[in-house]
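User: I would like to go through this model with you, chain by chain. Could you set out the terms as we go?

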Amino acid sequence: MTSLVACAPASLALSLQVAGVVLLLFLVCGIALGYLLSQPIPLRGLLDAIISLPLVFPPIAIGFFLLMAFGRHGAIGGWLHQTLDWELVFSFQALVLASFVAGLPLVAKPIQSAIEGSARDLIEAAYTLGKGRMETLILVVIPVVRRSIVAGLTLGVGRSFGEVGITLMLGGNIIGSTETLSLAIYNRVLDGDFDCAAKLSMLLGLVSLGLFFLLRRLGRL
Amino acid sequence: MTSLVACAPASLALSLQVAGVVLLLFLVCGIALGYLLSQPIPLRGLLDAIISLPLVFPPIAIGFFLLMAFGRHGAIGGWLHQTLDWELVFSFQALVLASFVAGLPLVAKPIQSAIEGSARDLIEAAYTLGKGRMETLILVVIPVVRRSIVAGLTLGVGRSFGEVGITLMLGGNIIGSTETLSLAIYNRVLDGDFDCAAKLSMLLGLVSLGLFFLLRRLGRL
Amino acid sequence: MPDLQATLSFARKDFALDLDIGIPADGITALLGPSGCGKSTLLRLLAGLETPHQGHIRHGDRIWLDRAMDINLAPRHRRVGFMFQDYALFPHLSVARNIAFGLRRGVDKAACVRFWLDRLSLRPLAERKPSALSGGQRQRVALARALAAEPQVLLLDEPFSAVDFSLRQELRLMFQEAVADAGIPVVLVTHDLEDVRQVADRVGVMIDGQLRRLGPAEDVFARPGDAEVARVLGWPNTLAVQAWERDTARGAWGQVAASLDPLMRPPEVIAIHPDGPTPTSGQGLPVEVTRVTDMGGYHALLCRLADRSPLRIHLPKSSPVPRPGSSARLAIPRECVIPLRERSTAPNLTYPNPRHA
Amino acid sequence: MPDLQATLSFARKDFALDLDIGIPADGITALLGPSGCGKSTLLRLLAGLETPHQGHIRHGDRIWLDRAMDINLAPRHRRVGFMFQDYALFPHLSVARNIAFGLRRGVDKAACVRFWLDRLSLRPLAERKPSALSGGQRQRVALARALAAEPQVLLLDEPFSAVDFSLRQELRLMFQEAVADAGIPVVLVTHDLEDVRQVADRVGVMIDGQLRRLGPAEDVFARPGDAEVARVLGWPNTLAVQAWERDTARGAWGQVAASLDPLMRPPEVIAIHPDGPTPTSGQGLPVEVTRVTDMGGYHALLCRLADRSPLRIHLPKSSPVPRPGSSARLAIPRECVIPLRERSTAPNLTYPNPRHA
Amino acid sequence: EPLLIAAGAGYKKPLTEVYAAFEADSGIEVQAAFGNMQQVIAQTRDSGRIDLVVGERGFLTKTGLFEHFTPLGKGRLVLAYGIRPLGGYQALAEVSVERIALPDPKKAIYGRAATQFLERSGLMPEVQGKLMTLATVPQVSAYLVAGTVDAGFINITDALGIRDKLAGFVEIPADLYDPPVIALAYPEGRPVSAAAKTFADFLNTDRAKAIFAKYGLQ
Ligand SMILES: Nc1ncnc2c1ncn2[C@@H]1O[C@H](COP(=O)(O)OP(=O)(O)OP(=O)(O)O)[C@@H](O)[C@H]1O
Ligand SMILES: Nc1ncnc2c1ncn2[C@@H]1O[C@H](COP(=O)(O)OP(=O)(O)OP(=O)(O)O)[C@@H](O)[C@H]1O
Ligand code: MOO
Ligand SMILES: [Mg+2]
Ligand SMILES: [Mg+2]
């Protein structure tokens with residue numbers, strides 16, 4: 001393991017940290033969105049489409065637009081900078097944002113279709129037993145569609161592991177500080193350092209497999 | 001529409017062609033894999049993991065490895081070149097391969113978890129009514145999990161639209177010949193031609209929305 | 001003891017429900033009706049799982065629903081114990097946890113769950129998931145879940161249909177006791193007339209989205225009012241009357257004597273109760289016996305009348321049984337013949353009716 | 001006419017099934033048993049949806065399953081008409097298409113579907129999806145689907161449980177006709193004793209994964225063999241005998257006279273049939289009447305014996321009815337008392353038994 | 001405060017070594033960002049956090065984002081062979097050479113250099129049909145390694161890096177193109193810190209020059 005990570009020692013820890021934070025975000029937002037989209041709310045079709053959209057744009061283009069929005073001259077970034085003196089670009093939060101945007105649709109959509117498919121009656125049963133929307137979500141919906149949640153999280157976290165384009169722009173690809181494992185692979189490949197790229201890929205593959213099996217185990221509980 | 005596509009006139013048609021072919025491939029392979037993974041076959045866990053793996057690697061790295069494999073010096077490419085005198089790299093097929101690899105897990109996983117969740121009894125019922133595996137798949141499983149199929153196809157085709165890294169390496173990003181719409185956006189962004197990138201993004205967004213709504217309509221039938 | 005009062009109009013493609021119903025808080029109200037008449041829909045409306053197009057529901061002096069005033073209490077605030085026809089058990093929870101799901105805070109959960117497990121003979125299955133239960137076991141879990149939540153109103157959709165004879169007897173007794181303690185409005189949908197006879201204090205009969213008859217059990221069974229209701233209540237023999245001659249009804253099937261109320265218009269239909277008619281060697285209704293079945297306590301005779309319409313008769317074990325295929329004459333006592341309308345015009349007893357009160 | 005023969009051993013956590021069963025191709029075999037005894041599991045084993053750990057199934061002279069020889073015919077080649085307890089209708093297909101699903105090639109599909117829609121009163125619902133059907137409507141669709149496929153064996157899990165009295169009567173008749181034409185082995189799981197009395201030619205009783213009793217209906221009803229089986233078959237009164245004195249059985253509950261076979265060991269349990277005992281002013285079994293219910297054709301008396309164990313008696317409408325709360329003495333005719341074992345030792349009639357044949 | 005220096009991905013190897021030497025020498029930490037030049041520009045403008053940029057002078061000047069420049073050296077163009085060795089750049093005209101890759105002249109400085117060379121050497125009319133325009137230098141390298149193109153134009157730094165995987169390479173004579181000038185640029189409006197000055201001074205040392213030379217930048 002140590003020999004595998006030798007080419008980019010800090011990147012593994014960074015990737016795992018990002019994945020950890022993003023996993024939590026996906027758990028909360030992915031499930032909430034999936035649930036929301038399965039209920040008959042107004043403008044559902046539009047929301048549905050908007051969530052899926054990040055998927056269809058080249059990541060690097062999304063990264064560019066986010067950079068402009070969150071940069072000093074950007075609408076959001078300017079405000080953040082002025083009022084909070086906080087800068088997103090090049091920070092850890094930027095890496096998280098990048099992964100989050102890339103993976104969210106992959107988490108929310110499978111959850112949505114699972115809830116639509118199999119939880120309707122059970123939601124009604126929970127209501128008659130005195131539970132509110134929130135309790136029903138936690139006590140019934142989530143456990144019932146947990147297979148799909150795991151499938152969604154696997155896809156989302158997987159994508160977040162592999163995401164390069166947005167991360168590159170927002171995170172800055174700063175060696176040792178915002179260089180995630182997949183950015184490191186990307187960099188090594190573009191440098192022509194294929195040995196190192198192969199080793200890092202192996203590492204990424206192993207770590208991902210580990211994560212998948214962990215998630216599957218959780219889904220079976 | 002014409003003004004939107006003016007910057008990269010051939011790319012829209014190319015992207016749509018790729019999406020069309022990939023959609024067909026996803027329909028067949030995605031459903032077949034999803035079904036396979038939902039049945040108690042040997043080595044299921046492994047197959048499951050392998051399918052999800054492309055997701056976790058940076059697309060450009062995958063592209064690179066595929067390029068090495070399919071290049072003239074590569075194991076597969078060398079053989080193809082010698083026996084069939086056919087080269088994948090730079091071709092339309094390369095674009096399709098890139099999109100397919102990127103999107104496959106997004107199609108197969110939601111379908112798998114949907115079948116596991118809701119089609120078991122119905123499969124048994126179809127068996128007692130004299131249907132074989134294949135007939136059951138077509139007459140029962142597919143229609144019953146069609147929501148998840150649509151969700152999966154939306155994700156998969158969306159990703160295939162937005163995929164840049166693999167396409168770049170395998171397709172060659174040859175202006176006018178292997179430049180898909182998202183590669184065109186990527187190129188314009190890296191050229192600093194933001195006007196054009198914005199226009200093309202708008203176009204891609206519109207086309208994708210159209211496709212999503214079409215798929216959703218189909219899923220409701 | 002708060003009662004439940006509802007006036008509801010609800011429609012969906014090919015189906016309309018339109019009724020007034022009042023359910024007092026003592027005793028059990030059984031709801032019967034042909035398949036598809038709207039029983040489950042009525043329960044769903046009462047529980048708030050479906051919203052009527054017009055209507056009003058009142059529980060005691062609390063208003064649950066008033067379309068005119070735009071009041072619609074959410075299902076969870078109605079505290080209705082609802083047993084679904086297809087159970088809707090939570091697949092991820094064990095039997096014990098399914099039962100515990102609706103328990104109020106402050107209740108000793110473990111003790112309460114144990115109590116219901118025992119009452120419904122589910123103790124050894126406490127840790128199973130619903131997917132590992134048989135049909136009847138699932139049904140009992142659903143019943144326990146609905147009862148355990150200490151509901152203010154109990155709505156049960158065919159709670160005993162999947163259990164065997166002796167367990168069914170036990171469940172009926174258990175259920176009567178449990179409900180007698182609670183003092184809440186209870187609606188029991190069932191197709192089993194023995195259930196109704198044994199546990200129901202009141203009977204409601206729905207036909208085609210309407211409550212055709214509601215009243216004390218004995219009264220409804222004795223005077224079903226119209227032919228459709230009679231059929232639901234186990235009067236198997238309804239015969240159209242073509243003409244009345246004094247107090248003899250005549251039709252293509254033959255003729256029988258009946259007591260007629262001289263002040264009322266003669267009815268278009270009569271029903272013949274299966275218990276009462278006996279074979280006779282004298283005057284009687286000519287029939288052809290097609291089938292004889294030993295039903296344990298009695299023999300069931302399936303006969304054909306002159307116009308080949310069927311007639312079902314129960315003979316006590318003590319009386320001689322004609323052979324299948326033979327012809328016979330049946331003496332039909334007057335009290336076994338009741339007059340019916342094609343469709344009831346008698347007002348329903350809807351227990352303090354909100355529209356007229 | 002090929003019959004169906006099975007010898008099966010199957011186990012899962014907390015449950016084991018172990019039996020020999022033979023089902024001839026004429027008439028209907030009803031299968032009864034307490035909830036969870038393994039009826040649905042047996043049907044699933046016969047249909048090939050579950051694989052036994054050991055066993056052998058033969059249909060006519062075709063072997064469906066032989067674990068020893070590693071033969072296991074796939075469900076679809078067994079051509080079993082299977083009606084699932086929870087229906088398993090295809091949610092994406094209309095009623096008509098659900099029914100058409102299993103039709104063989106070469107059949108006139110439209111005509112066949114129309115035929116079954118009519119027979120089960122489903123005509124107006126032909127284009128509905130199952131989700132828009134009531135419980136009883138779903139059940140009928142499931143029944144139609146199983147019957148329409150022209151199966152070689154018919155296995156039905158509670159086919160009539162969710163329909164009302166009069167439709168149930170019609171369905172039973174329809175079903176008997178349909179099956180009489182077909183000449184195939186038919187197994188009908190039901191909890192309704194009227195179903196059994198009216199349609200079953202043979203009755204099987206399962207207890208705890210074992211086939212305790214199988215034989216012609218009248219025979220099984222008349223001689224259930226052991227107390228558990230008796231309870232399933234609607235003998236509500238089983239009493240443990242502490243001592244025999246000549247032909248009088250004695251227990252804490254009192255004493256009754258019974259005809260004893262002098263060659264057999266005196267039984268440990270007796271059952272008293274509810275039809276037959278009558279109140280008497282002379283000698284009799286002392287009881288306390290706790291409840292009287294008008295069951296339409298008769299009155300049901302719930303009584304308590306000396307040791308407070310319950311006794312259920314049916315009185316014909318013609319006899320006088322004691323008041324609830326009063327004490328009474330019951331004359332119990334000898335033929336109403338049958339001897340039972342705690343558990344049957346009598347061999348089952350398993351219709352040419354493959355093990356012994 | 002560490003020093004944040006962004007640079008074109010093509011200079012990664014020499015710069016990484018220079019940064020390490022500088023850190024050892026001065027004790028000032030360098031945060032190194034590498035990327036496509038357009039990306040570097042966008043980040044410089046939108047983040048406002050980049051202290052120094054390393055890139056081609058002409059390109060950087062056009063953006064108008066920089067105040068002044070310190071030249072570091074000149075880049076060199078090479079022709080690398082993918083499938084089998086060729087006998088110098090004249091061989092490009094031969095029929096056996098089917099595909100020649102070059103970086104996009106609009107985006108990549110070595111793409112522009114390659115077109116200049118082809119025009120000045122008079123080869124352009126003969127090879128026009130064989131040219132494959134790819135996005136970047138690394139991509140050309142990848143295609144060479146994969147054996148998908150017969151030859152390709154890349155810079156000497158890259159060529160040295162993948163020397164083992166190539167069939168060989170020749171340097172293009174400097175008079176047949178305008179060698180790109182690599183320069184250190186100071187973003188406008190960002191005060192030049194002491195650390196930045198120290199770094200600029202360090203680049204003039206022999207030690208730094210030797211590192212650049214090792215990678216073909218002189
Ligand atoms: N979800 C639905 N959408 C449309 N129509 C429905 C739906 N559910 C039920 N129906 C129809 O509404 C009518 C009333 O159904 P309901 O379920 O209330 O009947 P029911 O009296 O409970 O019958 P059963 O005794 O068979 O359960 C039926 O005609 C049925 O076909
Ligand atoms: N999928 C399963 N996994 C484990 N145990 C099961 C499963 N299904 C049923 N069982 C258990 O197996 C036994 C037999 O079940 P089965 O469904 O055959 O009963 P049944 O006779 O059909 O009962 P019912 O009349 O209630 O439908 C029961 O004890 C039940 O709890
Ligand atoms: O498709 Mo990307 O831009 O390499 O993440
Ligand atoms: Mg219903
Ligand atoms: Mg069962």
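Analyst: Helices (H or I, at least four residues) and strands (E, at least two) are DSSP runs, numbered from the N terminus. Read in that way, chain A follows the pattern α-α-α-α-α-α-α-α-α-α-α-α along its sequence. The model is predicted, so local features need pLDDT of at least 70 and side-chain atom pairs count only at pLDDT 80 or more, whereas totals for chains, interfaces and linings use all residues. Residues are numbered from 1 along each chain as its sequence is written, chains are lettered from A and ligands numbered from 1 in the order in which they are written, and side-chain values use heavy atoms, with hydrogens and water left out.

User: How many helices and strands does chain A have? And what does its C-alpha trace span?

Analyst: Chain A has 12 helices and 0 strands. Its C-alpha trace spans about 60 × 45 × 30 Å along the principal axes.

User: Now chain B against chain A. How many residues are in contact?

Analyst: On the chain B side 45 residues are in contact with 46 residues of chain A, contact meaning heavy atoms within 4.5 Å. The area buried between the two chains is about 4000 Å², and carbon and sulfur atoms give 78% of that area. Buried area is the accessible area (1.4 Å probe) that two parts lose on being put together, summed over both.

User: Which residues of chain B lose the most area?

Analyst: They are L55(B), V56(B) and L155(B), together 14% of what the chain B side buries.

User: What about salt bridges there, how many?

Analyst: There are 2 salt bridges between chain B and chain A, a salt bridge being a side-chain nitrogen of Lys or Arg within 4 Å of a carboxyl oxygen of Asp or Glu. In one of them, the side chains of E116(B) and R147(A) meet at 3.0 Å, N to O. The count of residue pairs in polar contact (both at pLDDT 80 or more) is 4. A polar contact is a pair of N or O atoms within 3.5 Å; within protein, one must be able to donate a hydrogen and the other to accept it, and residues adjacent in sequence count only if both atoms are side-chain atoms.

User: Which element of chain B gives the most to that side?

Analyst: Several helices of chain B each supply at least two residues, among them α3 (44–52), α6 (92–118) and α12 (194–220). It is α12(B) that gives the most, with 10 residues. By class, the side of chain B that touches chain A divides into 28 nonpolar, 11 polar and 6 charged residues. Ala, Val, Leu, Ile, Met, Phe, Trp, Tyr, Cys and Pro count as nonpolar, Asp, Glu, Lys and Arg as charged, and the others, Gly among them, as polar.

User: And chain C with chain A: what area do they bury?

Analyst: Chain C and chain A bury about 1600 Å² between them, 67% of it on carbon and sulfur atoms. R76(C), H92(C) and F101(C) supply 38% of the area that chain C buries against chain A, more than any other three residues. Across this interface there are 2 salt bridges. E124(A) forms a salt bridge with R44(C), and the closest N and O atoms are 2.7 Å apart. The elements giving two or more residues to the chain C side are α2 (75–78) and β7 (80–83). That side has 11 nonpolar, 2 polar and 5 charged residues.

User: Switching to sheets. In what order do the strands of the chain D one run?

Analyst: The order is β13-β14-β15 (chain D), an open sheet of 3 strands with antiparallel pairing; two strands pair if DSSP finds at least two bridges between them. Its edge strands are β13 (243–245) and β15 (254–257), each pairing on one side only. β13(D) and β14(D) pair over 3 bridges, and E245(D) stands opposite T248(D) in β14(D).

User: Where does S134(D) lie, and what does it touch?

Analyst: S134(D) lies in the loop between α4 (109–119) and α5 (135–148) of chain D. Leaving aside residues up to four places away in sequence, S134(D) touches S35(C) and G36(C).

User: Last one: how far apart are chain D and chain E?

Analyst: No contact joins chain D and chain E, and their closest C-alpha atoms lie 50 Å apart. Chain C and chain E do not touch either, with their nearest C-alpha atoms 50 Å apart.
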